[in-house]
Amino acid sequence: MTELLRVCELSKRFGGLLASNRLSLQVKEGETHALIGPNGAGKTTLMNQLSGELSPTEGRILFREHDITHLPVYRRTALGIARSYQLTTIFPGFSALENVMLAVQAHQGHSFHFWSNARREPGLRRPAQELLARVGLAPRAEVLASNLAHGEQRQLEIAMALASEPTLLLLDEPLAGMGAEDGQQIIGLLETLKRQHTILLIEHDMNAIFSLADRVSVLVYGTVIATGSVDEIRGNADVQKAYLGTKDEGKGVQHA
Ligand SMILES: Nc1ncnc2c1ncn2[C@@H]1O[C@H](COP(=O)(O)OP(=O)(O)OP(=O)(O)O)[C@@H](O)[C@H]1O
């Protein structure tokens, strides 16, 4: 498999704390790569640097061998990197369809000032309907985002991230706060998406990771301590010591 993303010796300092500590990681084209690690290990900090919201203190990020370390978010989006945010990008007073139309409009480069016209724009409606169908929300298109169930809102965010037609999808805990049934629905959606996109996924739910991930990297104290297949990671003594618990059946996680 070709390499899509390479993170080289990335460091991010917050005062006295090194949230990323000479972190190196490689994501191959087409794979679903899970990032796991205890609370505070630096997973979200890494995602923020990959999406462009945080600037690294040191190190480099290469996407398709191009140095994107200092590119702003919109330039990375244009190159094919999209992130699904945790409920922060949804407009609660708009319908599911209107939310996705906004995301399509943003991708097409229009200004939000034209939204009143865009609402009637058929060129936005069709792609937005298709995106809602892709994530299984077509029957809920006209429902106000604030009235969607929690799991449906996560589906909506993913539809919005897909509006930029990304090659690499960055997903930060897509199952967070979900019950078993909603969680299973999102896992089903990710299984479909995984055939069409390269995915880098932070998730605490070990069942989801073990069913979705082609490879797993384990982050501890801002550094990747191991990368391998699910079986390799399960059997890695260092990982078990640093992170994977056996007592907490719910998450399979032992927080450091
Ligand atoms: N903006 C910031 N300023 C100062 N410290 C920060 C900032 N963002 C994160 N940190 C610190 O960096 C460390 C890594 O945080 P981060 O959120 O990346 O961890 P995480 O692995 O995503 O944790 P969790 O699993 O709990 O979401 C933590 O100690 C956190 O308190």
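The following dialogue asks how several descriptions of this predicted model are justified.

Student: What should be kept in mind about the model and its numbering?

Tutor: Residues are numbered from 1 along each chain as its sequence is written. The model is predicted, and local features need pLDDT of at least 70, side-chain atom pairs count only at pLDDT 80 or more, while totals for chains, interfaces and linings use all residues.

Student: How many helices and strands does the protein have, and what makes a run count as one?

Tutor: The protein has 10 helices and 10 strands, where helices (H or I, at least four residues) and strands (E, at least two) are DSSP runs numbered from the N terminus.

Student: Why is D231 called exposed?

Tutor: A residue is exposed if 12 or fewer other C-beta atoms, placed from the backbone, lie within 10 Å of its own, buried if 20 or more do, and partly exposed in between. D231 has 10 other C-beta atoms within 10 Å, and is therefore exposed. D231 lies in helix 9 (residues 230-234), and its C-alpha atom is separated by 9.5 Å from that of V216, 15 residues apart along the chain.

Student: What share of the protein is buried, and what makes helix 6 a mostly covered element?

Tutor: Buried residues make up 40% of the 256 residues in the protein. In helix 6, 12 of its 13 residues are buried, and the helix is accordingly described as mostly covered. The buried residues of helix 6 pack against strand 6 (81-84), helix 3 (96-107), helix 5 (122-134), strand 7 (168-172) and helix 7 (180-193), contact being defined by C-beta atoms, placed from the backbone, that lie within 7 Å.

Student: How do you know that the length of helix 3 agrees with its number of residues?

Tutor: The expected span of a helix is 1.5 Å times one less than its number of residues. For the 12 residues of helix 3 this should give 16 Å, and its end C-alpha atoms are 17 Å apart, which agrees. Helix 3 is also mostly covered, with 10 of its 12 residues buried, and G109, whose phi is positive, near 90°, follows this helix.

Student: Why is the largest nonpolar core said to lie between the two domains?

Tutor: Such a core is a set of buried Ala, Val, Leu, Ile, Met, Phe, Trp, Tyr and Cys residues joined through C-beta atoms within 7 Å. Of the 65 residues in the largest one, V100, L132, A159 and L170 touch the most other members, and helix 3 gives the most to this core, with 7 residues. Domain 1 (1-80 + 166-256) and domain 2 (89-165) both give residues to this core, so it lies between them, the bounds coming from an automatic or database domain assignment. Not counting residues up to four places away in sequence, V100 touches A128, L131, L132, A159, M160 and A163.

Student: How many residues bring the two domains into contact?

Tutor: In domain 1, 10 residues are in contact with 12 residues of domain 2, and the largest share of the domain 1 side, 4 residues, comes from helix 7.

Student: What makes a residue count as near the ligand, and which element gives the most to the shell?

Tutor: A residue is near a molecule if its C-beta atom, placed from the backbone, lies within 6 Å of it. The residues that surround the ligand include F14, L17, N39, K43 and T44, and helix 1 gives the most to this shell, with 3 residues.
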